[in-house]
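I opened this entry to keep a record of what I looked up, in the order in which I looked. The topics are the sheet, the helix packed on it, the nonpolar cores and the contact between chains.

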Amino acid sequence: MTSNRIGYYLKEGMVSVFNHGFMSFASVCIIVACLIIMGSFSLLGLNVDTIIYRMESENEILAYVDESLSDADARALESRIEQVPNVASAQFVSREEAMDSFVKQYENTSLFDGVDATVFRHRYIIKLDDISLMAKTQTDLLSVRGIAKINAHLEISEGFVRIRNIVTTVSVSLVVILLVISLFIMSNTIKLTTFERREEIAIMKMVGATSGFIRWPFVVEGIVLAAFGSLSAYILQYGIYRLVTERLIGNTGFSFITFIPFSQIAVPMLIVFVAVGFVVGVIGSLIAIRNYLKV
Amino acid sequence: MVRFTDVFKTYENGTKALKGVSFEIQDGEFVFLVGPSGSGKTTIIKLITGEIAPMDGEVNVNGYDMGSIKFSKMPYMRRTLGVVFQDFRLMEGKTVYENVAFAMRVVGASNKEIRRRVPYVLELVGLDKRMMRRPDELSGGEQQRVAIARALVNNPRVVIADEPTGNLDPARSLEIMMLLEKINELGTTVLVVTHEKELVNNFNKRVIAIDAGRVVSDRMDRYYSYDE
């Protein structure tokens with residue numbers, strides 16, 4: 001492709017954006033609306049996922065050590081437990097520490113008066129990488145010699161996993177549906193521009209223009225519109241996210257929720273917005289012009 | 001060179017547009033294709049420009065077999081043709097110069113070539129003084145000259161003019177025909193599709209007459225025979 005021709009595509013694409021001002025404005029608005037809806041659902045999903053992940057990580061397994069093991073042998077189990085797949089960390093808690101913890105928990109009662117620490121067992125507090133594999137990890141831990149019993153809240157882990165799956169499925173489905181809708185609307189908007197220019201396209205075909213030559217200015221137009229749309233949507237999304245998170249954090253009813261700071265997701269989100277805008281713009285243009293290139 | 005060999009064409013609605021048409025136009029010829037409305041003239045033009053494909057028989061345009069030409073080769077075949085339409089088909093938003101330059105840009109000509117060639121062609125059609133005008137500022141005859149300049153600018157082997165004088169008064173029509181004759185004298189093959197008997201009879205050229213999808217006459221004089 002010569003620089004002469006690239007210059008022509010860029011010029012024609014840019015000129016077309018401004019020559020069809022209303023349609024361009026409509027296209028940008030559509031991209032902005034779709035990206036903000038998609039972005040909002042993605043951010044909601046991301047935050048819910050993070051909150052659930054945090055809650056999951058607080059959901060621990062207790063592995064009780066066989067009473068017949070000496071203190072040293074009980075402590076030595078740590079490395080073997082950490083080798084079990086899906087175990088993120090294993091923290092040894094001696095029987096004395098366990099008793100202290102219970103005593104503190106029930107310090108206003110005489111429940112532990114005269115009780116010796118030997119009634120408790122050494123234990124490990126185990127955190128998992130993936131809570132959905134808790135049942136299997138429980139079985140694996142039981143096969144470690146020296147582990148007598150496992151205390152795991154499978155029903156809680158299953159609940160978390162279910163919620164996370166629902167949120168992920170709903171978010172991904174909505175994003176995909178909105179992406180398809182955006183493509184449809186974008187291609188129809190550009191199709192209207194193309195319809196206005198069908199005579200010009202017919203003349204181009206008649207004088208021997210290749211399909212690529214005809215297509216490229218429309219693709220440039222789509223990219224320019226997508227760039228405007230993506231950046232506008234990004235700025236608006238930033239404003240909306242800040243506003244919503246500040247309001248929710250300020251509201252005492254939601255004070256237990258922590259949101260991902262925008263600065264943490266700013267760059268990936270900009271990349272996603274530009275990429276989605278680019279895909280919608282380019283594919284929308286290609287779909288729009290396809291029918292006019294068949295002659 | 002344009003060659004039709006026993007060409008048949010039936011449209012999807014069942015209309016039999018061509019029923020075994022054969023003729024050959026050699027390089028450098030000037031030919032009128034005449035016939036009443038619905039005789040098959042437009043179908044012949046569409047077959048030559050590749051808008052439709054023949055059902056049977058062979059259409060060969062400047063070495064391209066139009067029955068088997070690949071879609072990707074079509075633009076290159078069309079670059080060997082220059083097409084002039086009755087309704088001019090100019091781009092209203094562009095100047096005369098830009099309309100003609102556009103045809104060169106499409107085929108990848110450099111800016112230098114465009115700057116050299118476009119004024120030359122516009123001078124050839126007598127519009128060198130009106131280069132910066134827009135089509136709506138020109139008369140019908142002048143607009144048709146722009147269309148001819150656009151058809152000529154890429155130096156095609158064949159110029160096809162489809163009812164080029166249909167929207168013009170007799171004096172302007174004659175001017176356009178004389179311009180096409182001049183272009184032919186410079187070496188380009190010219191095929192003029194028309195139903196204007198008087199105009200055809202003013203020129204001593206080959207006339208192919210078509211009626212009801214068949215060639216009914218093919219003569220080397222100013223003989224307009226299809227309705228006689």
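What follows are my notes on this model, which is a predicted one.

**Sheet of chain A.** I began with the strand order, and found an open sheet of four strands that reads β2-β3-β1-β4 in chain A, with antiparallel pairing. I then looked for the edges, which are β2 (87–93) and β4 (147–151) of chain A, each of them paired on one side only. For the twist I noted that neighbouring strands of this sheet are turned by 25 degrees against each other on average, with direction ignored.

**Strand pairs.** I went through the partners of β3(A), residues 123–128, and noted that six bridges join this strand to β2(A), the two running antiparallel. To fix the register I looked up two pairs: A:V93 stands opposite A:R123 in β3(A), and A:V87 stands opposite A:L128 in β3(A). With β1(A), strand β3(A) pairs over four bridges, again in the antiparallel sense, and here I noted A:L62 opposite A:I125 of β3(A).

**Helix on the sheet.** Which strands does helix α3 of chain A lie across? I found that α3(A), residues 71–82, lies across β1 (61–65), β2 and β3 of chain A, and that α3(A) runs at about 175 degrees to β2(A).

**Nonpolar cores.** I next looked up the largest nonpolar core, which has 102 residues, and wrote down those with the most contacts inside it, namely A:I31, B:L33, B:V100, B:A149, B:V159, B:I160 and B:L191. Helix α8 of chain A, residues 211–250, gives the most to this core, with eleven residues. I followed B:L191 further and, leaving aside its neighbours within four places in sequence, found B:L191 in contact with B:V2, B:I25, B:V31, B:L33, B:V158 and B:I160. A second, separate core has 14 residues, and I noted A:I81, A:A90, A:Y124 and A:I147 among them.

**Contact between chains A and B.** How many residues does each chain bring to the contact? I noted 14 residues from chain A and 16 residues from chain B. On the side of chain A that touches chain B, α1 (3–19) and α7 (198–206) of chain A each supply at least two residues, and the largest share, five residues, comes from α7(A). I sorted the residues of this side of chain A by kind and recorded eight nonpolar, three polar and three charged.

Note on methods:
Residues are numbered from 1 along each chain as its sequence is written. Chains are lettered from A and ligands numbered from 1 in the order in which they are written. This is a predicted model: local features need pLDDT of at least 70, side-chain atom pairs count only at pLDDT 80 or more; totals for chains, interfaces and linings use all residues. Two residues are in contact if their C-beta atoms, placed from the backbone, lie within 7 Å. Ala, Val, Leu, Ile, Met, Phe, Trp, Tyr, Cys and Pro count as nonpolar, Asp, Glu, Lys and Arg as charged, and the others, Gly among them, as polar. Two strands pair if DSSP finds at least two bridges between them. Axes are lines fitted to C-alpha atoms, for helices over the stretch in contact, and angles run from 0 to 180 degrees between N-to-C directions. A nonpolar core is a set of buried Ala, Val, Leu, Ile, Met, Phe, Trp, Tyr and Cys residues joined through C-beta atoms within 7 Å. A residue is buried if 20 or more other C-beta atoms lie within 10 Å of its own, exposed if 12 or fewer, and partly exposed in between; C-beta atoms are placed from the backbone.
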